[in-house]
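Here is a friendly walk through one protein chain, moving from single residues to helices, strands and cores. Please keep the viewer open beside the text.

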Amino acid sequence: MDRRYNDREGSPPRQHISKLAFLLAGILIAVTSASLLFVGYVASQASDRQAIANEKRLFQHTLENQKNQMIREQLKVSHSDQSVRHIIQTFDYDFVRDQIRGLWKDYSYNKVLIIASGNQVLAESFEDYTHIINRPLHETPGYLPLVDKARALFMSNRVRIPGGYSHRSLQGLKPLQYAAIGFIVIDDKPALATAMPIVPDQDTVTLPAGQPVILVAAKFINDDMLAGLNTQLSFTDLTFLRDVIAAPDSPAHFVRDANGNPLGSFSWESRALGSSIWPTVIPIVLTLSLLLAVLAFGIAWRIGRLTKSLQASERQNRHLALHDTLSGLANRLQFNRVLKSATANLPASPFAIIHCDLDKFKSVNDTHGHAAGDTVIKAVAQRMTEIVGKGGLVARLGGDEFVILYRAFTDHGRLTLLSGQLMGAVEVPIPLENGETAEIGLSIGIVTAPECGSTPEGLMAAADDALYYSKENGRGQAAFAGNIKRLFAMSLSGSDDDHSSDAA
């Protein structure tokens, strides 16, 4: 009796041990499940935040493209000798009607205005109606901030020429350096509008002294505009909410009007909110709660895959932001960053800027089509890259305009040889897909730093002047900015001695 009693007293009953084991297992499973659920929650929140941030960047990029597209569409009217002749020098009613009606029909602008000095509206177009009037602009004050900014830009770009005034070349200028664009309110409707001075493009006419004539065009933020933006975005429920300031972490883009006042927010339903990892996590936790190692591996794999996908997307976005999609070269943004860094290291690390423009490229597009033009751009990019090698950065600024920041050497002799190699490579016929070949040339403007300047703006302006000299004096040649500096100074002062300097 004593022995049997002592045995039961010294060891817990088997039923109690089993319950304790199940309890411990349950606690372990509960803790692990709670940990997995917490990890799932954190990953879901991080995924949502990153996805929304990417969507916001994509929307902002698309909106900037829309602004630049509007500016390009209006250049055919605002940047034209014909427009100066028939709107400013002599107001031709038929010409005005045709031009602003063309903007309405071709590009679906809701409002187009021509505004003279003194803020007098000379013409206004809306829907399919063009109204030739002479009324004060203060009746529709929403346009005033953009009009005033466009006038200020014009005055900063105005140049004196024989017989009057003109506008500096748009080549090398960013759109916002010669055009004002922003959100305004017209007829109590929010709109995206541009304002641009009407200036010559070929300088066969001159502008009078005083304030410029301004072309204003606007698109309402309506279903048509949202649909146009969404063709590139494919967002769900993209809309514009007037007078709504969106939260910073919400799927929305907040904008202000041209006066800096809050206007509203573009809003959409984020894809992240409908692609949570909860449908995957919960079944795994419920079904495989006993297989802790497998479950942990599955969650880690899912998180790793999500992170890797987000990193790949971010790398792709960074690459697209800094490279030209057609040629694969550095784009304007990357070139400007490198140029800014290079000027910061002057005079310790001199360099040269080789500004290039293709000759006879337009005839390739006109004769063989834009696909052939793309082939030419790619071939030129490859040839330039092979010649420059590791000695510099080759970038495409847009169209048929290329620029090289060269560090290997800056003496004129070797730069002349390098320019000859570039021109020779470009002049080699380029095979096209239709079996024909394209023959083009290359004009070059060269500036060396710190010899010709130490600021990005000054160096680019000097290189642009040198390139202009090359193209105006026969094309297919290279000119150094230092050699033509005196020539340009004499030209601006009205001197007749236009050939006192030579080009390389």
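Let us begin with Leu58, which is found in helix 2; helices (H or I, at least four residues) and strands (E, at least two) are DSSP runs, numbered from the N terminus. At 36% relative accessibility, Leu58 counts as partly exposed, where buried means under 20% relative accessible area, exposed over 50% and partly exposed in between (1.4 Å probe, protein chains only). Leaving aside neighbours within four places in sequence, Leu58 is in contact with Leu233 and Phe235, contact being heavy atoms within 4.5 Å. Leu58 and Leu233 are 175 residues apart in sequence, yet their C-alpha atoms are 7.5 Å apart in space.

A word on the source: this is a predicted model, in which local features need pLDDT of at least 70 and side-chain atom pairs count only at pLDDT 80 or more, while totals for chains, interfaces and linings use all residues. Residues are numbered from 1 along each chain as its sequence is written, and side-chain values use heavy atoms, with hydrogens and water left out.

**The chain as a whole**

The protein chain holds 14 helices and 18 strands. Of its 504 residues, 42% are buried. Among contacts between residues at least 6 apart in sequence, 64% join residues at least 24 apart.

**Helix 6 and strand 9**

Leu233, the partner of Leu58, is one of the buried residues of helix 6 (residues 223-233), together with Met225, Leu226, Leu229 and Asn230. These buried residues cover an arc of only 130° around the axis, which puts them on the same side of helix 6; the arc is that of the directions from the helix axis to the C-beta atoms. Turned away from that buried side is a face carrying the exposed residues Asp224 and Thr231. At the start of helix 6, a side-chain oxygen of Asn222 reaches to within 3.1 Å of the backbone nitrogen of Asp224. Just after the helix, Ser234 takes a positive phi of about 60°.

Leu238 is found in strand 9 (residues 236-242). With a relative accessible area of 13%, Leu238 is buried. Beyond its neighbours within four places in sequence, Leu238 is in contact with residues that include Leu226, Leu229, Asn230 and Leu233, as well as Phe59 and Trp268. Leu238 and Trp268 are 30 residues apart in sequence and 4.4 Å apart in space, C-alpha to C-alpha.

**The nonpolar cores**

A nonpolar core is a set of buried Ala, Val, Leu, Ile, Met, Phe, Trp, Tyr and Cys residues joined through side-chain atoms within 4.5 Å. The largest one has 47 residues, and Phe59, Ile114, Tyr178, Phe183, Leu238 and Phe266 touch the most other members. Its largest share, six residues, comes from helix 2 (residues 14-78). A second, separate core of 34 residues includes Phe361, Ala372, Val394 and Leu442.

Back in the largest core, which residues does Phe183 contact, leaving aside its neighbours within four places in sequence? Among them are Leu63, Ala191, Leu192, Ile221, Val255 and Phe266, along with the residues Lys67, Arg256 and Asp257.

**Helix 12**

Helix 12 (residues 412-427) has 16 residues, which at 1.5 Å a residue should span 22 Å; its end C-alpha atoms are 22 Å apart, which agrees. The expected span is 1.5 Å times one less than the number of residues. Its buried residues are Leu415, Leu418, Ser419, Leu422, Met423, Ala425 and Val426. They cover an arc of only 160° around the axis, which puts them on the same side of helix 12. What covers them includes helix 11 (370-388) and strand 17 (441-449).

**Two buried polar residues**

Arg135 lies in strand 3 (residues 129-136), and Gln477 is found in the loop between helix 13 (456-472) and strand 18. The table sets out their polar contacts, pairs of N or O atoms within 3.5 Å; within protein, one must be able to donate a hydrogen and the other to accept it, and residues adjacent in sequence count only if both atoms are side-chain atoms.

| Residue | Relative accessible area | Polar partner of its side chain | Distance |
|---|---|---|---|
| Arg135 | 13% | side chain of Glu124 | 3.0 Å |
| Gln477 | 18% | backbone oxygen of Asn473 | 2.3 Å |

Arg135 is also in contact with Leu113, Asn119, Gln120, Val121 and Thr140, among residues more than four places away in sequence.
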